[in-house]
Amino acid sequence: MQKLNEFLSGEQTNDSFLEDGSEGLCSLSTTQRMYGFAASLAAGLLLMFLSMIVFAIPIKFALLFTFGNVLAIGSTAFLMGPEQQINMMLDPVRFYATSIYGGCVLLALFCALLIHSKILTVIAILCETCALIWYSLSYIPFARRMVSEIMIRLCDTEL
């Protein structure tokens, strides 16, 4: 009840990463958070693995792969909490990467569920994968700059 009162009154606590009570209304223990993270990540990876089995059926592949990606990314919300996860995703450094990734996820689902186009679904999944890689690189300092410079050097036509 104390955590609920603190949350409603707007008092912020300075609990460190993965400590009890760092979520206000959600009070999972560190062990529960680690189990939640591991279960969500394992389920996401399992769905992505299972999607490779049905690769010949692009619509099922897109559904399994996309939901696996969302579960794997969402698993980190168990570690840091959903509010901090959303804040980090909407941080100015990775806002565009998050928006593009979210758009690609929606596009893949749209192509798979509503349009039923295998070619568009595969293209959307490729875009989703590229957007996921770019989004993931935003968490590694200078990784996007390094990858950009490598791609410029590899694709440069002037010798």
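Trainee: How far apart do the end C-alpha atoms of residues 93-115 lie, and what percentage of the span is helix?

Mentor: In this predicted model, the end C-alpha atoms of residues 93-115 are 33 Å apart, and the span is 91% helix and 0% strand. Residues 93-115 appear in an unreviewed UniProt entry under "transmembrane region", together with 35-55, 61-81 and 121-143. For residues 35-55, the end C-alpha atoms are separated by 30 Å, with 90% helix and 0% strand.

Trainee: Why is Arg 33 called buried?

Mentor: Arg 33 has a relative accessibility of 1%. Buried means under 20%, so Arg 33 counts as buried. This residue belongs to helix H2, residues 30-53.

Trainee: What lies 3.3 Å from a polar atom of the side chain of Arg 33, and what makes this a polar contact?

Mentor: The partner is the backbone oxygen of Leu 28, at 3.3 Å. A polar contact requires a pair of N or O atoms within 3.5 Å, and the distance of 3.3 Å meets that limit.

Trainee: Which residue is 53 residues from Leu 28 in sequence, and how far apart are the two in space?

Mentor: That residue is Gly 81, with a C-alpha to C-alpha distance of 9.7 Å from Leu 28. Gly 81 occupies the loop between helix H4 (76-80) and helix H5 (82-89).

Trainee: Is Gly 81 buried or exposed, and how do you know that?

Mentor: Its relative accessibility is 0%. Since the limit for buried is under 20%, Gly 81 counts as buried.

Trainee: What makes Phe 61 and Phe 65 a stacked pair?

Mentor: The structure holds five aromatic pairs. One of them is formed by Phe 61 and Phe 65, at 5.5 Å centre to centre with 20° between the planes. Ring centres must lie within 6.5 Å to pair, and planes under 30 degrees apart count as stacked; both values therefore fit. Phe 61 and Phe 65 are four residues apart in helix H3 (residues 58-74), which means a separation of about one helical turn. Both residues are buried, and with Phe 55 they form one aromatic cluster.

Trainee: Why is the pair of Phe 95 and Tyr 96 called edge-to-face?

Mentor: The planes of Phe 95 and Tyr 96 are at 70°, with ring centres 5.8 Å apart. Planes over 60 degrees apart count as edge-to-face, so the pair receives that name.

Trainee: What are the relative accessible areas of Phe 95 and Tyr 96, and how is each residue classed?

Mentor: Phe 95, at 36%, lies between the limits of 20% and 50% and is therefore partly exposed. Tyr 96, at 63%, is over 50% and is therefore exposed.

Trainee: Which residues make the nonpolar surface patch?

Mentor: The patch, of about 750 Å², is made by Leu 107, Phe 110, Leu 113, Leu 114, Ile 115, Ile 119, Leu 120 and Ile 123. Helix H6 (95-115) and helix H7 (118-137) each supply at least two residues, and H6 gives the most, with five.

Trainee: How do you know that Ile 123 is partly exposed?

Mentor: Ile 123, a residue of helix H7, has a relative accessible area of 43%. That value falls between 20% and 50%, so the residue is partly exposed.

Trainee: Where is His 116 found, and what is its phi?

Mentor: His 116 is in the loop between H6 and H7. Its phi is positive, about 60°, although His 116 is not a glycine.

Trainee: Which value of phi does Phe 142 have, and is Phe 142 buried or exposed?

Mentor: Phe 142, in the loop between H7 and helix H8 (143-155), has a positive phi near 65°. At 62%, its relative accessible area is over 50%, so Phe 142 is exposed.

How values were computed. Residues numbered from 1 in each chain as written. Predicted model: local features only at pLDDT ≥ 70, side-chain atom pairs only at ≥ 80, totals over all residues. Heavy atoms only, no water. Buried < 20%, exposed > 50% of the residue type's maximum accessible area, 1.4 Å probe, protein only. Polar contact = N/O pair within 3.5 Å; in protein donor to acceptor, adjacent residues only side chain to side chain. Patch = residues over 30% accessible without salt bridge, like charges linked within 9 Å, V, L, I, M, F, W, Y side chains within 5 Å. Areas by Shrake-Rupley, 256 points an atom, 1.4 Å probe, with all protein chains shown as cover. Salt bridge = Lys/Arg side-chain N within 4 Å of Asp/Glu carboxyl O. UniProt positions renumbered as here; feature names shortened; annotations may be inferred. Phe/Tyr/Trp six-rings, centres within 6.5 Å; stacked < 30°, edge-to-face > 60°.
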